Amino acid sequence: MTTKSTLNRRSFLQTTAVGAGALAAPALISSKALASSGELNFVGWAGYDNFKTIVFPAFEAATGIKVNFKELPDQETMFGEAKVALEAGGVDMIEPTIDRVGAWNSNGILAAWDPAKLAMDNYLPGLADGAAGERSHKDGALMYVPSNWGTESLVYNKESAKLGDPASLGALFSPDNEVTLRPHSALAAMGRWLDATGKLPRPWMDGYSDMGAMAELWDIALAEAIKAKGNVVQWWSGENEANAGFTANGATVGLCWDSTGYNLRNDGYGYAAPVEGAFAWHQGFILMKNAKNVDQAHELAKWVSTPEGAAMWATAFSSNPVGKGAADKMSPDVSAYYNGTFNDDALAKLWWWPDQSAEFLTKRAEYADKYKAA
Amino acid sequence: MGDMFRRYGKSATFIICLITAFWLLMLVILPNVTLLESSFRPLLPVTEIGGPNDQYTFANYLKVFNGSIDTTLMGIPVHIPVHVLTFTLTLFYSVVVTLLCFVLAYPLSYFMAKIISPKSLPTMFLLLFVPLWVSEVLRAFAWWIILALKGPLSSLLVWLHLIDQPIRWISGYNGVLIGLVYTYVLFMIFPVYNAMSSLDSNQIEAAEDLGSPWWRTHLRIVLPHCKPGIASGAVMVFMLSAGSLLVPTILGSTTSQWFTQTIQQWMFDALDWNTAAAYAFLLLLMCTLFVSLVMRLFRVKLADIAK
C-alpha cells in the first residue's frame with residue numbers, strides 16, 4: 001500500500017500563499033486602534049541621536065510613559081504628516097517652530113493645551129509669555145508651548161572670512177567672501193541688511209503681514225541678491241550640505257544654523273552674531289486635534305519645562321533650554337559655545353522669525369526660485 | 001492564462017492575479033489618479049476643502065507662466081517665465097545627456113558585440129555592472145566629493161602642476177551632466193549592444209570586401225540595423241534624465257535648476273501639493289510629447305522598440 005504525501009508542491013504553494021495573506025492581515029488592522037494609556041505618539045526632528053538613547057528613556061523612567069518617536073527631516077514634511085494624520089490618526093504631538101503655528105492652526109490641525117495640566121511658571125521669561133506668548137495663543141486658547149530655541153547666524157572661517165567691523169549680514173553679499181546660503185533665508189538676510197542700512201522704502205517687517213508690501217520689498221531684495229550671487233558657492237538645505245559647503249567646497253562665510261557652527265567649532269570656524277541681530281527660531285510642541293494620548297502629551301510638555309528635561313532636550317539639539325534652572329545642567333561645551341557668540345547685547349537684538357502664512361510661503365518659494373534660476 | 005492554470009492550479013493562479021492587480025491598482029493607478037485629480041484643485045486650508053472655493057481649475061497648470069525673468073538663452077536675451085526657462089533647460093540638457101550617452105555607448109557596444117572574444121564577455125559585463133551594486137545616492141555623492149573645490153580631482157591636477165589654483169568643477173550644469181551620464185549610460189549600452197549582436201557579421205565583412213571605408217560601413221549597415229536599440233536606449237536615458245531628482249539635487253551648482261527640483265519646491269517649500277501635482281503631470285505630458293515627436297522624426301515605431 002502506498003501512502004501519498006499530503007504535501008506536494010502545488011498544495012504547498014496554495015497553502016503558503018493563503019497563509020502569507022493571513023499573516024499579513026493583522027498588519028493591515030492596526031493593533032493601536034485601541035489606544036493604550038502609557039504611550040505617546042510623537043513626531044520630531046530627525047538626526048539627533050540623543051532622543052532615543054538618553055532623553056526618552058529618562059522621560060520614561062520619570063513618568064512611565066513610552067514615547068513612540070517618529071523622526072522627520074524638516075517642518076514641511078511634518079506639516080504633510082500632520083495633514084495625513086488628521087485623517088488617519090496615529091500622531092498625538094509634533095514639534096514645529098512658533099512661526100508655523102498660524103498656518104497649522106488655519107489648516108485645522110491643532111487642539112488647545114490645558115495650562116492647568118502644565119507648569120507655565122517653569123518657562124524662562126520671554127519664551128512663553130510676552131510676544132512669544134501672544135503668538136502661542138489663538139482665540140485665547142494656548143496652541144503651542146516652547147521646547148527649545150536657537151539661532152541662524154554667521155558661520156565663518158576664522159582665517160579668511162571678512163565679516164566687517166562690527167560683523168554684519170552684509171558680509172554674505174560681499175565679493176570678499178565665498179558663501180553658502182539657503183535661498184529663502186538669504187533673501188530675508190538681504191532684506192534685513194538693506195533695512196538696517198536705510199535702503200528700503202518701508203520696514204522689512206511689513207512684508208510679513210501685508211502681501212502687497214511683501215512683493216514690493218522682496219522684489220528689491222531679490223534684485224540686490226542676484227547682483228551679489230557670484231560669490232555663492234553652495235546652496236544648503238540641511239546640516240550635511242552646509243557642513244560640506246565649508247569643508248569641501250571652500251565657503252568662508254555662511255548664514256547657517258547654530259548646530260553647523262557647533263559641529264565645525266574645532267575645524268577653524270567660528271559663529272558670530274551680526275550687528276543687525278541673529279535670526280532666531282523658537283521651537284515647541286503642538287497637540288493634534290485628533291490626539292488620543294492627550295494627558296501623556298501634557299506630561300511630556302511639562303517635563304521639558306523642568307530643569308532636567310529642558311537641559312536634556314536642548315543638549316540633544318545643541319541649542320538653548322526653555323526651563324528656569326536648566327542652564328546649569330547643560331553640557332559645558334554647549335554653554336561655552338553659546339556664551340562665546342551671544343553677550344547680553346546680542347541676545348537683546350535677536351530677530352525672531354515672524355509668522356509666515358501659507359500664501360506668504362508660496363510667494364517666498366517663488367522668489368527663492370527666481371534667485372536660484374538667475 | 002490557460003498555461004498558468006496548468007502550472008499553478010486554479011487558486012494559486014487566482015492569488016497571483018490578485019496580487020498583481022493589487023499592485024497595479026493600489027500602487028500605480030490609484031496614486032496617479034489621485035495626483036491627477038488633486039492637480040486640478042486649488043490649494044486650500046484643510047477646513048475649506050469640500051467648501052464653495054473647492055472648484056476644479058486649470059490655475060495650477062497656468063502657474064508655470066508666472067514670474068518672468070530676463071536672461072540669455074544661447075546668447076539671445078529673452079524675457080521668459082522662470083519655470084518655462086527651467087523646463088526648457090531641463091529638456092535641453094536631457095538631450096545633451098542622451099547624446100553623450102550614445103557617443104560613449106556606441107563604440108563600446110560595437111567592441112563588445114563584434115570585436116571582443118565571447119569568452120571575455122562575462123568579465124566585460126561584470127565590470128559594467130559593478131557600479132550598479134553601489135546605491136545611486138552614494139555614487140552621486142562620490143562625484144560631488146571628486147568635483148568639489150578641495151576634492152581629489154583638483155588636488156591631483158595641482159600636484160601635477162597642470163593647474164595653479166583648485167577649480168570648482170561643479171559650475172553651471174557640468175556636475176549634473178557628469179552625474180546623469182555616469183548614472184544612465186548603461187541604459188544606452190545594453191539596448192545598443194543587444195541590437196548590434198543580432199547583426200550578422202558577414203554583412204560587415206561583405207561591405208569591407210566591396211571596398212567600403214569603415215565609416216560608411218557603420219553609417220549604412222551597423223547604424224540602420226541598430227536603430228531600434230538606439231531608440232529604446234535614447235528614450236530610456238532621456239526620460240530617466242528629465243525625471244531625475246537625486247543627481248541634479250546633489251550635483252547641481254548655484255546656477256543650475258532641474259524641473260524636478262521645481263516640483264519638489266512646490267511640494268516641500270511652498271507646501272502646495274496641488275501645484276506640485278500639476279507640474280509633475282506637465283513634465284510627464286511634455287516629455288511624452290517630445291519623445292513621440294522625435295520618434296516620428298527618426299521614423300521609429302513603438303513596436304520596433306518593444307522588439
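# Reading a two-chain model, one feature at a time

Me: Strand 7 (residues 145–157) of chain A pairs with strand 13 (residues 320–321) of chain A in the antiparallel sense, over two bridges. What makes two strands a pair?

Reply: Two strands pair if DSSP finds at least two bridges between them. The strands themselves are DSSP runs (E, at least two residues), just as helices are runs of H or I with at least four residues, and both are numbered from the N terminus. For strands 7 and 13 here, look at Trp149(A), whose bridge partner in strand 13 is Asn320(A).

One thing before we go on: this is a predicted model, in which local features need pLDDT of at least 70 and side-chain atom pairs count only at pLDDT 80 or more, while totals for chains, interfaces and linings use all residues. As for labels, residues are numbered from 1 along each chain as its sequence is written, and chains are lettered from A, and ligands numbered from 1, in the order in which they are written.

Me: Got it. Which other strands does strand 7 of chain A pair with?

Reply: Strand 12 (279–288) is one, antiparallel over seven bridges, with Glu152(A) partnered by Phe279(A). Strand 10 (residues 253–257) runs antiparallel to strand 7 too, joined by five bridges, and there Val155(A) has Gly254(A) as its partner. Then comes strand 11 (269–272), also antiparallel, with four bridges; Leu154(A) meets Ala272(A) in it.

Me: Is strand 7 of chain A buried or exposed?

Reply: First the rule: a residue is buried if 20 or more other C-beta atoms lie within 10 Å of its own, exposed if 12 or fewer, and partly exposed in between, with C-beta atoms placed from the backbone. In strand 7, 13 of the 13 residues are buried, so the rest of the structure largely encloses it. For the whole of chain A, with its 374 residues, the buried share is 44%.

Me: What surrounds Pro274(A), and where does it sit?

Reply: Find the loop between strand 11 and strand 12 of chain A. Pro274(A) counts as buried because 26 other C-beta atoms are within 10 Å. For what surrounds it, we use contacts: two residues are in contact if their C-beta atoms, placed from the backbone, lie within 7 Å. Skipping residues up to four places away in sequence, Pro274(A) touches Ser153(A), Leu154(A), Ala167(A), Ser168(A) and Leu169(A). Now compare sequence with space: Pro274(A) and His298(A) are 24 residues apart along the chain, and their C-alpha atoms are 37 Å apart.

Me: How is chain A divided into domains?

Reply: Domain bounds come from an automatic or database domain assignment. Chain A gets domain 1 (36–143 + 282–341) and domain 2 (151–278 + 352–373). Their C-alpha centres lie 27 Å apart. Eleven residues of domain 1 and 16 residues of domain 2 make the contact. On the domain 1 side, helix 4 (101–106) and helix 13 (332–341) each supply at least two residues.

Me: And how many residues does chain B bring to its contact with chain A?

Reply: 29 residues of chain B are in contact with 29 residues of chain A. In chain B, the elements giving two or more residues are helix 2 (10–39), helix 4 (82–115) and helix 12 (259–268). You can also sort residues by class: Ala, Val, Leu, Ile, Met, Phe, Trp, Tyr, Cys and Pro are nonpolar, Asp, Glu, Lys and Arg are charged, and the others, Gly among them, are polar. The chain B side then comes to 14 nonpolar, eleven polar and four charged.

Me: Last one: where do I look for backbone oddities, and what is each one?

Reply: Look at omega and phi. Asp165(A) and Pro166(A) are joined by a cis peptide bond, with omega about 0°; Pro166(A) is in the loop between strand 7 and strand 8 (179–181) of chain A. For phi, check positive values in residues other than glycine. Ser318(A) has one near 50°, and His161(B) has one of about 60°. Ser318(A) is in the loop between helix 12 (307–317) and strand 13 of chain A, and it is buried, with 23 C-beta neighbours inside 10 Å. His161(B) is exposed, since 7 other C-beta atoms are within 10 Å.
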